[in-house]
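Hi everyone, thanks for making room for me today. I'd like to walk you through one model, so please have a look at it first.

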Amino acid sequence: MKLVTYAALVGLILVGQSAYADDKLTVYSYRQAFLVEPILARFTEETGIGVNVVFAKDGIAERITREGRLSPADLVLTSDFSRLVELVEKDLTSPVKTTTLESNIPAQYRDPDGQWYALTMRVRNLYTAKDRSGPQQLTYEELADPKYKGKICTRSGKHPYNVALVASMIAHHGEAEAKTWLQGVKANLARKPQGNDRGQIAAVKEGLCDIAIGNSYYYGNMLQDPEQKSVAEAVVINFPNQANRGAHVNVSGMVLTRHAPNKENAIKLMEFLSADIAQKAYADVNMEYPVKANVAPSPLVASWGEFKVDQLPIFKLAEYHQAAVKLLDEVQFDL
Amino acid sequence: MILGLARSWSLAGYAMAALLVLPLFALIFQALQPDEAVFGHLMATVLPTYIINSLLLIFWVSVGALLLALPCAWLVARCEFIGRRYLQWALLLPLAMPAYIVAYVYTDLLDYAGPLQRGLRLLFDWRSPQDYFFPDIRSLGGAACMLSLVLFPYIYLLARTAFMEQSLSLAHASRIMGCSSWQSFWRLSLPMARPAIAVGVALVAMETAADFATVNYFAVPTLTTAVYDTWLGYGNLTAAAKLSAIILLVVFMLIGFERFARRKQQLFQKQSRIQATDLYRLTTKQTAYALLFCGTVLLLSFLLPFGILLSYAIGYFEKSWDSSFWQLSLNSLSLALLTSLLCCLMALFLMFVRRISPRRSDTLPSRLASTGYALPGTVLAIGVLVPLTLLDFGINDLAEYIGVKGPGLLLTGSVVALVFAFCVRFIAIAIGSIESSYKRISPSLDMVSLTMGQSPMRLLSRVHLPLLAKGIFAAALLVFIESMKELPAALLLRPIGFENLATHVFQFVSDEKLEHGALAAIVIVVVGLVPLIYLNRSLEQHSG
């Protein structure tokens with residue numbers, strides 16, 4: 001019987017641990033906790049409002065759907081655009097409109113109805129080896145060129161960053177041409193899609209491939225990390241399609257959930273994230289491009305130079321998201 | 001009298017079994033819903049590859065595990081050579097290694113950027129991957145090797161026992177009738193051990209079908225990873241449930257195969273056992289070969305990966321060892337402890353009901369409860385969430401109806417969902433262990449106790465419990481190790497913000513930073529070793 005009592009105790013402790021106090025905000029984050037935690041700590045310092053942040057790589061939308069009106073989530077932070085739209089489409093968001101948010105975030109980076117707000121931008125870059133080929137004028141289209149057979153590395157095609165890139169190709173060229181392109185890229189892969197964007201840069205360094213696809217801030221973060229610096233220094237960052245439409249850009253962002261228990265405080269946090277302090281932290285700590293007009297990127301990011309951004313309206317990425325996922329299955333990109 | 005009493009016990013048994021089998025039915029129910037053509041799309045594109053990959057993986061892992069296990073089992077059971085006694089238990093050690101951890105270590109070692117290939121490049125002055133051929137570890141073959149290395153002990157353990165229990169006079173007879181020792185092995189020993197080996201293979205195959213982390217890391221798409229992707233990538237629970245149903249079909253076929261094999265096993269085990277003096281003494285040369293083989297198996301499956309993990313853990317000790325590490329370990333330990341206690345209590349109850357009930361149909365609850373073992377973690381997660389979410393909403397609706405504030409997500413938002421899932425998955429282990437202990441208690445003891453006017457509760461606490469103690473302890477240990485290792489269910493069902501050792505390791509590895517997770521991985525392995533050593537000892541006592 002002692003054992004039973006003990007078991008009950010352990011159970012209570014475990015349940016207690018996972019239950020949250022009511023006055024704190026709960027943030028579900030697709031972005032790694034270590035990145036957002038310092039910024040949220042600043043928020044707590046200034047406002048006295050506590051924040052629980054919980055990180056999940058996948059399935060936040062599914063979770064909130066299931067939790068319904070009982071969901072403890074107030075705010076969701078996403079790392080790409082399609083996930084913002086997914087939340088809106090599943091009717092999991094509440095519209096917010098405040099003058100602060102609207103003056104901080106330019107119109108092209110927010111929903112006209114205030115269902116979602118973007119916070120940072122990132123570029124889908126192409127990396128080449130410093131010693132073998134040096135900087136190159138590349139286009140995404142060229143990745144399918146047979147001359148690069150066995151020379152390209154990428155993470156899983158199904159990763160949201162790659163899905164968004166494929167969606168942008170569909171938006172520019174139509175589905176049939178995008179499919180031919182995707183088949184071409186698959187035929188050029190040096191190895192089966194695997195690992196994360198960092199791993200692709202490392203593969204270029206080791207000579208496993210000549211061109212890696214990866215987001216700008218991964219490269220920036222590797223240069224900041226003493227253990228990975230030498231890897232990142234072996235490659236150069238290239239902004240694709242500079243001669244024509246510009247480089248593909250994706251955004252991270254936030255939404256207020258539909259059943260947010262603490263709407264008022266959650267809006268305060270949203271405003272905080274769009275303001276100078278937080279935007280600067282995104283730029284300096286995570287090497288992203290802030291959306292707020294007067295906040296500059298970090299000196300390191302700025303050193304990569306000005307570049308032309310693909311002017312495709314961002315909602316197109318969401319429009320072609322499903323088509324892109326299906327295309328990736330059809331050409332068996334990851335298999 | 002006992003009939004009347006037993007009825008209420010037996011009803012309670014059915015209720016418990018119904019609870020434990022709920023996820024399975026929820027899953028089947030979910031799979032029968034319409035799903036907006038996602039499943040059709042999958043079927044037309046990637047599903048055939050997923051199915052073929054899953055079946056190929058199961059096939060190759062079974063073959064690989066057999067090739068590793070059978071020679072080891074036969075050598076250890078039937079031959080005498082230096083080191084045999086150590087190998088006997090050392091070959092069980094890989095069981096403590098979760099397959100995904102072994103996979104991570106070997107990838108680090110054998111990848112293009114790993115020390116082995118780097119060394120080769122330096123040695124032969126190769127510059128690029130085009131200059132030489134090296135098999136890709138992150139492939140179906142690689143995954144099959146990794147899984148064979150950690151799963152072979154299941155077959156080894158069962159085959160060893162079977163070889164040890166074979167009658168020697170039959171072996172002698174076969175030799176007298178002119179069989180060579182090889183012929184005697186192929187035509188007599190092996191066929192006689194076949195049922196036990198088949199059970200082992202079925203277990204290995206089921207574990208392979210359930211594996212998520214290894215194939216996910218190796219980017220080998222199988223049905224198990226497809227369930228995860230379809231659920232969370234496509235956001236389609238119903239299509240994911242349909243995929244799960246395919247996995248279930250495969251697993252139930254395996255169980256059928258295992259049952260079929262075990263049905264025959266009864267016939268074989270009635271002979272006298274091999275004595276130590278009957279062991280075939282190996283010559284020096286033979287001993288060298290035997291040691292070389294068993295030693296290599298042990299080295300590759302346990303010593304090498306463990307050593308590498310240990311060196312990482314020491315190297316990164318300061319980075320990993322902080323207050324949150326205690327929290328992680330505590331979470332893992334308390335979760336595993338709670339699961340093993342609950343499983344033992346429920347299993348004991350179910351077996352007791354079966355014991356005292358005069359009706360044959362009362363074997364049903366424990367049989368039903370055991371089906372959970374067949375559900376791979378990703379599949380189980382769906383089966384658990386569907387009914388518990390309904391229940392959560394029911395509780396809150398009820399609370400609002402009577403005018404109090406609802407408690408929120410009492411079940412799915414807390415560790416309850418996780419513990420429930422673990423119990424559903426692992427209670428079969430506890431049932432199996434307690435069942436075999438019960439078989440050794442003579443039913444006449446029950447009759448004596450009952451005719452003396454003792455209640456069933458007293459019978460359980462004063463007669464059965466003391467006699468079952470060892471079996472229950474073994475059950476608790478086994479469930480404990482499995483709960484420490486289980487990854488996919490923990491990943492999908494943990495309350496938001498809850499991390500344990502397994503999910504912690506997984507997180508680092510998906511960031512390609514195994515070194516930082518090594519300490520947690522070591523803890524999982526070491527904690528798993530203790531019960532193994534205990535189990536092996538009790539096994540040896542039991543057989544000796």
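I'll start with one strand, then go to the domains of chain A, and finish with where the chains touch.

Quick housekeeping: this is a predicted model, so local features need pLDDT of at least 70 and side-chain atom pairs count only at pLDDT 80 or more, while totals for chains, interfaces and linings use all residues. Residues are numbered from 1 along each chain as its sequence is written, and chains are lettered from A and ligands numbered from 1 in the order in which they are written.

Okay, find strand β7 of chain A, residues 211-215. Helices (H or I, at least four residues) and strands (E, at least two) are DSSP runs, numbered from the N terminus. Is β7(A) enclosed or not? Five of its five residues are buried, so β7(A) is largely enclosed by the rest of the structure. Buried here means that 20 or more other C-beta atoms lie within 10 Å of the residue's own, with C-beta atoms placed from the backbone. Ile211(A), Ile213(A) and Asn215(A) point one way, Ala212(A) and Gly214(A) point the other way, and all are buried.

Which strands sit beside it? We say two strands pair if DSSP finds at least two bridges between them. Strand β5 of chain A, residues 117-129, pairs with β7(A) in the antiparallel sense over five bridges. Look for Tyr127(A), whose bridge partner in β7(A) is Ala212(A). Then there's β6(A), residues 152-153, which runs parallel to β7(A) and is joined to it by two bridges. There, Ile152(A) has Ile211(A) as its bridge partner.

Now zoom out. Chain A is assigned domain 1 (2-120 + 249-297) and domain 2 (122-248 + 308-330); such bounds come from an automatic or database domain assignment. Taken over C-alpha atoms, the domain centres are 28 Å apart. In chain A, 14 residues of domain 1 are in contact with 19 residues of domain 2, where contact means C-beta atoms, placed from the backbone, within 7 Å. On the domain 1 side, α4 (81-89) and β9 (249-257) of chain A each give two or more residues, and α4(A) gives the most, with four.

Last stop, the two chains: 39 residues of chain B are in contact with 41 residues of chain A. On the chain B side, the elements giving two or more residues are α11 (223-232), α15 (323-356) and α17 (377-401). The largest share, five residues, comes from α15(B). That's my tour, thanks!

Notes
Buried ≥ 20, exposed ≤ 12 C-beta atoms within 10 Å, placed from the backbone.
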